[in-house]
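Let's walk through this structure together, moving from a pair of helices to a loop residue and then to the nonpolar cores. Keep your viewer open as you read.

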Amino acid sequence: MTSSSKKHSVLARLFFFCFALAGTSSRAQLVTIPVETHSNALVLQADEKKNFNIVYFGEKLQNSSEYINAPRVYRQTGDYTDLLHASYAPSGSRNLTEPAITVIHADGNTSLDLRYISHKVEKVSDNISVLSVVLKDPVYDFQVVQYFKTYFAEDVIEQWSVISHQEKKDVTLQKYASGIVHMTAGSYWLTQYHGDWAKEMQPEVSKITHGIKTLDSKLGTRANLFQPSVFMVSLDKPATEDEGTVLYGGLEWSGNFRVDMELDPQDNLRIIAGINNFASPYILKPKEEFRTPAFLYLLSHHGKGEASRKMHAWARKYKLLDGEGNRLTLLNNWEATYFDFNEQKLFKLLKDTKELGVDLFLLDDGWFANKYPRNGDTAGLGDWDENKSKLPNGIASLVKEAKNNQVKFGIWIEPEMVNPKSELYEKHPEWVIKQPQREEHYFRNQLVLDLTNAAVQDFVFKVVDDLFVKNPELAYIKWDCNAVIFNAYSASLKNQTHLYVDYVRGLYKVLERIRAKYPKVPMMLCSGGGGRVDYAALQYFTEFWPSDNTDPLERIYIQWEYSHFYPAIATSNHVTEWGKQPLKFRVDVAMMGKLGFDIVVHDLPEKDLKFCQEAIQNYNALKSVIWQGDLYRLADPKEQSIASLLYVQSDKRKAVLFNYLVKNRYGEGSILPVKLKGLDATKRYKIRETNLYPGTQSSINPEQIYSGDFLMKVGFNPDVNNGRKSVVLVIEEVAR
């Protein structure tokens with residue numbers, strides 16, 4: 001942040017603090033609280049009756065004193081309008097719209113009325129402030145504290161609530177959302193995502209109509225399998241990359257979620273996000289606190305591209321584990337061996353890892369269990385002792401051999417799961433989530449361990465801890481999660497309706513313990529693909545696995561959609577044998593994020609091996625630009641014959657341009673120039689092609705000099721065609 005922007009940030013926060021505390025004299029008894037970021041303002045207001053509402057959310061005003069004039073209702077008046085814009089709408093009193101919270105009091109009463117009591121602001125840093133607002137019921141001793149955490153430069157807001165009471169007996173929370181966002185426009189356009197295994201992140205755009213549109217998951221674990229919690233809402237018209245007002249949103253929660261979008265009677269949009277209350281009434285004891293996960297959102301007035309860049313910057317700096325650090329390129333054995341390997345095979349693959357030139361060898365599924373050997377996905381899961389037939393000298397011999405080959409060693413685990421055919425299941429059937437008197441149902445031949453149980457939490461932590469205690473030089477963990485919860489029941493829980501919530505909390509407790517002891521070890525968040533990707537989980541992981549579908553043509557679309565919400569440094573992309581595209585195309589696609597390989601290296605033809613080795617060297621020279629650069633999506637594969645995206649270094653001296661042919665009917669390709677973005681118009685640049693396959697020549701003239709102005713207004717043709725299906729270009733400033 002520049003000194004001027006820091007000064008602006010501090011002054012804005014100072015004004016916010018003073019103005020919010022003082023309220024206003026022009027409207028008696030109103031308390032107006034503007035929550036400002038660099039571009040936006042979320043204005044909260046307590047009216048004369050202490051109803052607490054959102055009266056404005058949009059572009060920040062130059063004169064902050066004018067927020068007091070924001071209309072308290074947007075379209076018309078009515079007897080119900082004083083709660084129509086409630087910041088945390090309760091049910092059972094005067095609210096007639098979808099509530100954020102529903103309760104059953106200790107005496108059985110189901111009404112709730114939340115009135116403003118007080119608020120305060122905590123300045124965490126020059127860029128971060130937290131507003132907390134206390135709301136209480138005037139009849140029952142019940143309160144909600146709303147939190148609004150702002151990241152000024154990135155325009156990001158995190159909103160959550162802490163619910164508590166001091167009634168004489170337990171209160172039941174029937175619904176407990178994280179927060180509400182109110183928006184006003186002429187029309188609203190939703191971009192949501194759906195999918196399944198190997199079909200992740202398929203976008204759908206629709207106009208939001210009156211009533212309620214719900215995005216949700218009821219899977220327990222692997223909650224994003226069919227639908228993730230991330231979404232976009234465009235105002236007045238669908239936003240493009242560079243134009244339109246658009247809200248990016250998502251829930252920081254790794255379990256069942258629910259996002260309700262209600263177009264209300266006054267044509268305003270209310271977005272309510274939180275944990276899914278499906279089958280999950282939560283019993284809250286007196287003085288106990290229930291903290292909801294954060295509802296994350298970001299409002300951009302210059303299209304989806306700006307929203308993505310701000311989201312990426314925020315994630316790298318504040319959410320993703322080691323988001324501004326390094327990552328390891330790797331070779332995975334899965335497609336080379338599947339479950340069929342032994343120590344000698346793996347020793348050869350470790351030599352292949354060294355020859356290929358990547359940083360790490362990753363041993364995947366199949367290395368464990370003896371009574372029920374893990375020779376397929378039907379047995380052994382849960383028995384985390386090395387298989388003596390495959391690894392007579394244990395993991396330690398592989399770690400040692402990796403060191404001898406000057407590479408690192410990583411390993412696959414799935415510690416939340418168990419096969420019925422396992423010693424763990426035989427010893428501890430009470431550790432398994434299952435209905436005691438119903439037929440068992442399996443997902444990938446496995447069941448889920450009960451992480452609401454402290455003993456199971458200890459077991460899962462010990463799986464990881466034992467690996468590191470025995471092998472201190474272990475350098476990487478791939479954490480999988482392939483099953484959903486069937487027949488939800490915990491043998492250790494008194495209240496079965498707590499299962500879905502407490503499972504996720506149990507998972508976080510384990511991950512917190514792991515990170516407390518092993519804070520820097522890279523871990524991939526893998527869940528049969530993108531089944532568990534959110535910013536709560538990514539606080540513990542360095543990267544995630546977008547999809548088991550590694551066909552490079554399909555991956556372009558999947559990675560493209562993920563790029564709206566998650567930065568390249570977090571996105572693991574592997575080169576495999578999937579698909580019919582040439583090796584160069586597969587490597588070029590994987591370089592869009594964090595590069596890895598899952599191929600049989602010793603079977604590669606000489607030129608293929610040489611290409612991979614050179615591509616890894618090229619990647620290592622460019623990875624800082626890809627991982628930390630600003631992303632510009634230039635040519636959308638859903639709309640054009642090519643996909644083109646650009647990463648630009650923050651000082652604009654260097655950029656990497658990826659181009660892929662996605663449609664080649666009738667000789668389609670990059671007929672017209674692609675207009676670049678994010679460069680410095682006053683700088684001069686040269687463009688050279690990298691990742692050339694051995695024996696081929698580039699059609700790009702590396703000596704031609706272009707101004708940034710020319711490249712952004714006229715553009716550059718990367719010459720993508722059926723003979724050049726993928727083209728990677730390096731754009732570098734030329735010294736004057």
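**A helix pair, a loop residue and the cores**

In this predicted model, helix α4 (residues 343-356) and helix α5 (residues 394-404) are a good place to start: their axes come within 9 Å and cross at roughly 25 degrees. Angles under 35 degrees count as roughly parallel, so α4 is roughly parallel to α5. The crossing of the two helices is right-handed. On the α4 side, the contact is made by Glu343, Leu346, Phe347, Leu350 and Lys351, while α5 contributes Ser397, Leu398, Glu401 and Ala402. Sorted by character, the residues of this α4 and α5 contact comprise five nonpolar, one polar and three charged.

Now follow the chain to the loop between β21 (360-363) and α5, where you will find arginine 374. Is this arginine 374 buried or exposed? Its relative accessibility is 0%, and buried means under 20%, so arginine 374 counts as buried. Setting aside neighbours within four places in sequence, arginine 374 is in contact with Phe339, Asp365, Gly366, Phe368, Ala369, Ala379, Leu381, Lys390, Trp412, Asn419 and Arg444. Take Phe339 from that list: phenylalanine 339 and arginine 374 are 35 residues apart along the chain, yet 7.5 Å separates their C-alpha atoms.

Finally, turn to the nonpolar cores. The largest has 193 residues, and the members touching the most others are Phe142, Ile271, Leu363, Trp367, Phe409, Trp479 and Phe597. Another core, of 22 residues, lies apart from the largest and includes Val648, Val674, Ile700 and Leu711.

Key: Residues are numbered from 1 along each chain as its sequence is written. This is a predicted model: local features need pLDDT of at least 70, side-chain atom pairs count only at pLDDT 80 or more; totals for chains, interfaces and linings use all residues. Side-chain values use heavy atoms; hydrogens and water are left out. Axes are lines fitted to C-alpha atoms, for helices over the stretch in contact, and angles run from 0 to 180 degrees between N-to-C directions. Helices (H or I, at least four residues) and strands (E, at least two) are DSSP runs, numbered from the N terminus. Angles under 35 degrees count as roughly parallel, over 145 as roughly antiparallel, 65 to 115 as roughly perpendicular and the rest as oblique. A crossing is left-handed if the near helix is turned anticlockwise from the far one by less than a right angle, and right-handed if clockwise. Contact means heavy atoms within 4.5 Å. Ala, Val, Leu, Ile, Met, Phe, Trp, Tyr, Cys and Pro count as nonpolar, Asp, Glu, Lys and Arg as charged, and the others, Gly among them, as polar. Buried means under 20% relative accessible area, exposed over 50%, partly exposed in between (1.4 Å probe, protein chains only). A nonpolar core is a set of buried Ala, Val, Leu, Ile, Met, Phe, Trp, Tyr and Cys residues joined through side-chain atoms within 4.5 Å.
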